[in-house]
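Grab a pencil and have the structure open. We'll work through some exercises together, one step at a time.

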Amino acid sequence: MTTAGPSDGGSNPKGLKEKLKNPFSKGFNDMREKFRDSSLYDVKVGLIHKKQEIGKFANLINPNHRHDEEHEQATDDKRTKIAEGHRFQSFAPERPGNKIKWYVDGRDYFYAVSVALEQAKETIYIEDWWLSPELFMRRPAYHNQEWRLDQILKRRAEAGVKIFVIVYREVEAALTCNSAHTKHALQALCPKGSPGHGNITVMRHPDHNVLENAADMTFYWAHHEKFIVIDYNLAFIGGLDLCFGRWDNHQHQLADVHPAGVENEMWPGQDFNNNRVMDFQSVDDWKSNELSKAEYGRMPWHDVAMGVIGDCVYDIAEHFVLRWNFVKRDKYKRDGRYDWLTLEGRTGDDEDLVGVQRPKHPVGDYIHHPLSPLSTKTLGEQGTVHAQIVRSSTDWSSGILTEHSIQNAYSELIRNAQHYVYIENQFFITATGDQQSPIKNTIGRAIVDAVVRAARENRKFRVIAVIPSVPGFAGDLREDAAMGTRAIMDYQYKSICRGEHSIFEQIKKEGVDPKQYIFFFNLRSYDRLNVTPALKKQEEKAGVKMQDVQRAEAEEIMGSGIHGSRDQDEGADTQMGKRNALDPRPDKSEQERQNMIDAKKKFAEVAEETGANREPESKDSVAKFAMHNTPTLTEEAWEGTMSDEVDNWIQEELYIHGKLLIVDDKTVVCGSSNLNDRSQLGAHDSELSIVMTDAKLINSTMNGQPYEASHHAATLRRYLWREHLGLLPPQDLDAKDDANAQPPDVPNDIWENDTYAFVEDPLSDELWEMWTSRASTNTDMFRQLFHADPDDFVKTFDDYDRFLPPKGVKPGHIYDRMIPPKEIRAKLDNIKGHLVWMPLDFLKDAEMAEKGLQVNAWTESIYT
C-alpha cells in the first residue's frame, strides 16, 4: 500500500521568495509572537471564537455550509475522484493479502478482543453505537472481574496507551443507552495525579446543544459503526457493540439461575435482559437488575464479526481519524481537551481527506498517528484475503458528500450471484424500484434480477435470509407501544411478499415462482429455569428473594470504582454511584448498601439448613440439548416435581443482530450495516463494513459438481449453518483454549469433521431436506408448546387474542399446563438447532401500522 507523505518532505519553496520580498519579516514575526504571549491576545482569540460560535446560527439557512467554500469543494472533488476510481465507489481501494478471521457470537469475539486490547502498546480506537464500561469480556463474571472492559482499558491507559473512543450520542427520550455514563465512566478511570490521566478521551456525537450547534443537530439518524483499531496492527469490525446483552455462546441459553451460588451467574445486572419483556430500564444505573431471573429467560443474541490484519486496517483507521476530526470540528473545535489527529499518508495537501483543519487560532494540538511509523506495522501482505472497506457516510456524520458504497456492494454482488445468496441481518427492508415510498434502497431489485436470471437460465439458485422474528424490541405486539415495531414489520412484509412491488410479486410478474427460490427463516431457543425446591426453601427461610441476591452480587462486582466516579474534566455522571470524596453527590445510603450485603449473607447462611449448599441434580441450563452430540433431554434430571418443571420451561426468539452477506461460497460482506434505508442510503445512519474474497481456494462441491470455493467464505458459511442446524457442540464458558476465540493472528478452527462434509454443498438436496425439515419440526414444537409468536396462524388481531397465552401466564412459558410433563420433554427433544420458518402470513389480513402520531409522513423514514 502507498501511505507516503508529500514527496518534497513537506518543504515549501515559496517561503524563500516571501523572505526576499519582505526582509523585515523576522522583526514583525518577533513582535507578533510577543503579542501572542500577552493576555490581550487571549482576549482577542476568545472574542473570535465566540463570534464563530454565534455565527453557527447562520448555518440554519445554509445546510450546505460545509461544502460551499472553494477549499471545501476542492476537497469534495478530490474525494469524489478517488471513490470513482475504486470498486463500489468506496473511499477505500481493494487491498490484497489481508489475514481475516471470522467470529461467531459474543463469547468468541469478546474473548479475542480482550486478549488484543491487553496487548495494545500505543493506541486504541473504538467506535460504537453503545459501549458499556462494565461489560465483562469473559464469563462467569464473578471469576473474571479483571476482564471487565473498563478495567482492561484502565490498565492500558496506565501503561501509556492512548485510547480514543467515539460513541453515538443518543436522543435520550427515545433510547436508554446513556452515552453520558459511558463518557464519564471511562474518563474517570484515571483521575488527575494518577497514572494514565488524560490517556482516555471520549467523544459523543451528534451534538444536541441548540446554542452550540442549532443548524447541525441530528435526531433521526445514529452513528451505528462497531469497530476497533489497535496499534494500526489489527482491527475488529462487525455487528457487535461492546455493550450489555451481546455476550452469548452457540447453545444460546436463556436461563441464569444458579442454586449452587450466585457467583456462577453469566449475565450480572442489566447484562441479563429480555427486550421483549422489558427493555433496558435505566442503563445509567448499571448495577440494577429489573428482570427476575427466577421468572424469565433472557433474549439470546446471535452475531458475526471479523478480525483483520493487513492493509485494510489502515483504511478502517483512516475512517476513524476522519470521524474524530469531524466531531472535533463540529462539536469540540474550541475545546482544548480534544486534539486534531493527523495521519501518516494523509499529510500535506492530503490532510483534508481525513478532515484536518488548521484555523488561524486553533484550540488543541495536532497529534500525528500512528505514534510509530507505518513501516513498523503489520501491513502489506499478511494473508490471502482480498478485501475492501465500504461505508455509509454523509455530511452530518463525517462532513463528506454522501457515500453509499455498502449498498453498491450488496446490489452488485447479489445481482451477479450464480448459485446462492445467504443473508443474516437484523432487518430486511428494501425496494424493487421507485414505487415503494418511503423505501429507497433497491437491493430488492438486485434480488429480483438474480432470481429471474437464474430461472431463465434453468439454474438451481437460492436466496436464504435469516432475520429476527420480531425485529424491534416490543413486548406485546398488540399494544400501542409496539406501533414502531409493527411499522418495521409491515415494511418488511411489503418488501418481501405483500403488494405488487414486493420481491415475490415482481418475480411472479416475470412468470417465475418466488417460493422455489427465496426462503426466510428466524431463530428460536428454549431452556429451563433451575428454580429448585431447595432454592425456594432458601428464599423462604432467609426472607430474601433470589432477585435481591442477584442485585447484591451485581453491586459487588459491577460497583467497584477504583478512583471514584467523577470525570474531573467534565463533571460527574449524575447516575453514577458515589465512591469517594472525588464525587460529593448524594448516593445510596450506607445503610441501604449494608442491607444488600446483609441480605446476601443471610441467604448464604441458610443454604446448609435448606439443602441448597450443593450442586443440584438439575442443570442450570438445558439449552445444550439442541446442539450436536448431546444426550436426550428425556433422561435429564430435574430436582423437583414434574409439575414444577412445567412452570419453568421457557422459550424466546434468538435475536439475529449480525449484518452478513455470503455469495456463492466466494465473497463475504460483514459489518454494522443493516439491510434497510437507515443503513444503506448513506445519508442516514453511519456504517462501516468490509467486503472479503479469499484468494485461497479449496476443493468443494456446488450442486453436486466440483467447485472451487474461497476458504474464508466457505468455512464461515459451513460453520454458521451447522450452528443453526444444531450440528456444532455446545461451547464451554472458558474460551482460552479455543482457537476461534483468539485474535486474528490465530487461524480459525473450522471444525472439520463429518458435519463439515455434510454442509459442504450449499445446494445439496440432502442438506436442504435437513434444513427445511428441522425448521418445520422446530416451528411446530414451539407453536404447540409455547404458542410462540409471531405465527402464521395469526392473520388478524382477533386471531392474536386467541393465540396468545391467557392472562396470568408469563410470556415465553408453556401455554397449555395440561400437557403431560413427559410429553413436553419428548416434544422439546425434537428441537434440533435453532431454525424456524419466518411466518410470512402473520397479520396479513390486518393493518399492522395505522398512520397516526407515531407513524406518519414525517416519521416513517425512521422505521425504514
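Below are five exercises, each with a worked solution.

This is a predicted model, where local features need pLDDT of at least 70, side-chain atom pairs count only at pLDDT 80 or more, and totals for chains, interfaces and linings use all residues. Residues are numbered from 1 along each chain as its sequence is written, and side-chain values use heavy atoms, with hydrogens and water left out.

**Exercise 1. Find out what share of the chain's residues counts as buried.**

Step 1: get the term straight. Buried means under 20% relative accessible area, exposed means over 50%, and partly exposed is in between (1.4 Å probe, protein chains only).

Step 2: apply it. The chain has 864 residues, and 61% of them count as buried.

Step 3: add the secondary structure. Helices (H or I, at least four residues) and strands (E, at least two) are DSSP runs numbered from the N terminus. The chain has 25 helices and 25 strands.

**Exercise 2. Work out which helix gives the most residues to the largest nonpolar core.**

Step 1: a nonpolar core is a set of buried Ala, Val, Leu, Ile, Met, Phe, Trp, Tyr and Cys residues joined through side-chain atoms within 4.5 Å.

Step 2: the largest one holds 76 residues, and Met-306 and Ile-690 have the most contacts inside it.

Step 3: helix H9 (residues 312-330) is the top contributor, with 9 residues.

Step 4: don't miss the other core, which lies apart and has 50 residues, including Ile-467 and Tyr-493.

**Exercise 3. Describe how helix H6 is covered, and by what.**

Step 1: H6 runs over residues 149-158, and 8 of its 10 residues are buried. Among them are Leu-149, Ile-152 and Arg-156.

Step 2: look for neighbours in contact (heavy atoms within 4.5 Å). The cover over the buried residues of H6 includes helix H5 (106-118), strand E3 (162-168) and helix H7 (179-187).

Step 3: check what comes just after H6, and you'll find Gly-160 with a positive phi of about 100 degrees.

**Exercise 4. Take the pair Phe-164 and Trp-324, and say what kind of aromatic pair they form.**

Step 1: rings of Phe, Tyr and Trp (its six-membered ring) pair if their centres lie within 6.5 Å; planes under 30 degrees apart are stacked, over 60 edge-to-face, and the rest tilted. The whole structure has 28 aromatic pairs.

Step 2: Phe-164 and Trp-324 sit 5.1 Å apart, centre to centre, with 85 degrees between the planes, so by the rule they are edge-to-face.

Step 3: Phe-164 is in strand E3 and Trp-324 in helix H9, so their pairing ties together parts 160 residues apart in sequence.

Step 4: Phe-164 counts as buried because its relative accessibility is 11%. Trp-324 is buried too, at 1%.

**Exercise 5. Find which parts of the chain the salt bridge between Arg-66 and Asp-330 links.**

Step 1: a salt bridge is a side-chain nitrogen of Lys or Arg within 4 Å of a carboxyl oxygen of Asp or Glu. The count here is 48.

Step 2: in this pair, the closest N and O atoms are 3.2 Å apart.

Step 3: Arg-66 is in the loop between helix H3 (39-55) and helix H4 (70-84), while Asp-330 is in helix H9, 264 residues apart. Both residues are buried.

Step 4: try another one. Glu-225 and Arg-323 meet in a salt bridge at 3.0 Å, N to O. Glu-225 lies in the loop between helix H8 (210-213) and strand E5 (227-230), and Arg-323 in helix H9, so this pair ties together parts 98 residues apart in sequence.
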